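User: Please take a close look at the open and enclosed space in this protein, and begin with a short word on charge pairing. State the cut-offs behind each term as you go.

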Amino acid sequence: MIKTVTTVPYTDQKMGTAGLRRKSKVVLQPNYVENFMQSIFNVIGDLKGKTFVVGGDGRFYNDKAIQKIIKMAAANGVSKLIIGQNGFMSTPAGSNVILKNKADGGFILSASHNPGGENGDFGIKYSNASGGQIPSSISDKIYQETLNIKEYKICDIPDIDLSELGTQDICGMQIEIIDPVKDYVEMMQNIFDFPAIRRLFEKGFTMRFDAMNAVTGPYAKKIFEEILGAPTGSVVNYKPLPDFGGLHPDPNLVYAKELVNFMFSKKAADFGAANDGDGDRNMILGKSFFVTPSDSLAIITDNFKLIPAYKGGIYGVAKSAATSTAVERVAKEQGIGYYEVPTGWKYFVNLMDSKRITFCGEESFGTGSSHIREKDGIWAVLFWLNIIAATGKSVEQITHEHWQKYGRSYYMRFDFEGVETSVADKMMEDLEARLPELCGKEIEGYTVTSAGAFVYEDPVDHSSTKNGLIVRFNDGSRIVYRLSGTGSSGATIRVYLERYSQTDLNNDPLLMLTEIFKIAMAISEIPERTGKHQADVVT
Ligand code: VG1
Ligand code: CO
């Protein structure tokens, strides 16, 4: 039944910030998935005795790609696959299943927050036994393998029915189809005070959770409506659709417009939240109130004692360099470890494994803890609900009190999309070369205290990663420049702006950041080089 098929390499199978991500049309090319998967299997080597977890966010091609992966895993000698029913599994649930079953790794079929469908994106995230995505040292090896691939192995059998729970044998390999929601729900019940959150809903508290027609729908229905007693209808867009119903499943102020409009209307619920395509991102809203992900991480860290699983103490906290410095002030106050890493969740994994940190987060709507090795959208939502249940305070009140205690980091991200790759690369290169000259200079009343590339040395494996450029000013303000590593066409230049104030707590972020935005544009020459005077997406 095992067939060896001759193939020709593709040259674009390099993984980015989080796995391989390409236009669906690209992935549909002959042997595209096969080449990539065989390259991974080749790099792992001996697959006998190995177990992997497989699932996806239900987007277009999830069903086809998963069949290929099952048949190839069997042909390559994998011993067992644990598969989410109907091929579904969120990224955080997948990390949990890997850890719980001590599996050797896993594959989540998702392009995360990128749109899906035939004209959208498809992707594959590959994790190892840590439950987190593989480090660059391994993805580099896989990329080299994709450039040299000549053949792949596959079992020549009909498609496998993934709708029934249970175990079966496929081409000499065992497959176990599991309920992708069950273990995840149990884990959440062991972390948070479910009875307290239940009482909150009993008292009439209202929420709206927008699953954005993606994978968290079934998780959210079960947890918020069935177990915690939020009224039916609290979870919207809960049915995972192959094209996400045309939505861009990125939970931010721009793409989660429906939820944002509702939460800023007279009918608003007490609490609003959304997750992304594969369930690892979250957005938190109060009544006519938005919490930035950077503030959310700081608030979560400051309130750890309210949560049953963390009340005994936490190790430390980490953020990506682009994320605002709000959590740094909390770490100082709490006397816990604090780390700044490159963008991408994989950089948190060693810090969690070595017990240096418990919480971590990114400005891109990612928050999580060492309960797994991925960011976790529903975890963040439950954390907020637990804080609200324990304090009786609103989202806005909790955030305002946080600012009163620590001051406020005004923070926004500006994305310049669809830039020609060569233009974006040259812009970053030239800017990096010019940055040293800026040190000590005064620009529009702001003095530059440091400027240069962000270089991270991992304290565990001592690998070194360069990611983005940072300009710091004497008042604590910062500009970070990076190129996105998750796009599927052209380049996206991300500009992250931050300004700190201890006294001015209720201002408009856009207003507070106007001057810094001007400085950021002037020193990078983005308008001159890209022809764009405004960002395409502002979050
Ligand atoms: C983006 C975010 C980054 C996040 C990554 C994966 O990467 O900025 O913080 O970890 O997406 O998120 P980039 O390289 O495009 O800036 V997910 O939800 O796609 O796994
Ligand atoms: Co995601």
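Analyst: Lys-221 and Glu-225 both belong to helix H8 (residues 216-227), where 4 residues, about one turn of the helix, separate them. Helices (H or I, at least four residues) and strands (E, at least two) are DSSP runs numbered from the N terminus. The two residues form a salt bridge, with 2.8 Å between the closest N and O atoms; the term requires a side-chain nitrogen of Lys or Arg within 4 Å of a carboxyl oxygen of Asp or Glu. Over the whole structure, the search finds 35 salt bridges.

The model is predicted, so local features need pLDDT of at least 70 and side-chain atom pairs count only at pLDDT 80 or more, whereas totals for chains, interfaces and linings use all residues. Residues are numbered from 1 along each chain as its sequence is written, chains are lettered from A and ligands numbered from 1 in the order in which they are written, and side-chain values use heavy atoms, without hydrogens and water.

Ligand 1 occupies the space of the second largest pocket (more than half of its atoms lie within 2 Å of the grid points). A pocket is an open set of points on a 1 Å grid over the protein atoms alone, with protein on both sides within 12 Å along at least five of seven lines; a cavity is a set where a 1.4 Å probe fits but cannot get out, and lining residues have an atom within 4 Å of a point.

Around the ligand stand 21 residues, with Thr-17, Ser-112, Lys-125, Ser-364 and Thr-486 coming nearest (a heavy atom within 4 Å counts as near). This shell comprises 1 nonpolar, 9 polar and 11 charged residues, where Ala, Val, Leu, Ile, Met, Phe, Trp, Tyr, Cys and Pro are nonpolar, Asp, Glu, Lys and Arg charged, and the others, Gly among them, polar. Oxygen atoms of ligand 1 lie 2.5 Å from a side-chain N or O atom of Thr-486, 2.6 Å from a polar side-chain atom of Ser-484 and 2.8 Å from one of Arg-482.

Ser-484 and Thr-486 recur among the residues nearest the centre of the second largest pocket, together with His-113, Asn-114 and Arg-494, in a lining of 45 residues. Strands E2, E6, E19 (408-419) and E24 each give two or more residues to that lining, and E19 gives the most, with 4 residues. Its volume is about 710 Å³, and by class its lining holds 7 nonpolar, 21 polar and 17 charged residues.

The largest pocket contains about 970 Å³ of space, a volume being that filled by probe spheres set on points joined across faces, edges and corners. Its lining has 40 residues, and Gly-16, Thr-17, Leu-483, Ser-484 and Gly-485 lie nearest the centre. Among the elements supplying at least two lining residues are strand E2 (20-23), strand E6 (121-128), helix H15 (421-438) and strand E24 (491-501). The classes are 10 nonpolar, 19 polar and 11 charged.

Enclosed space is also present: 5 cavities of 30 Å³ or more are found. The largest cavity has about 70 Å³, and its lining includes Val-53, Ile-98, Phe-107, Lys-125 and Glu-374. Two or more lining residues come from each of helix H4 (91-100), strand E5 (105-109) and strand E6; helix H4 gives the largest share, 4 residues. This lining has 4 nonpolar, 5 polar and 2 charged residues.

Conventions
A polar contact is a pair of N or O atoms within 3.5 Å; within protein, one must be able to donate a hydrogen and the other to accept it, and residues adjacent in sequence count only if both atoms are side-chain atoms.
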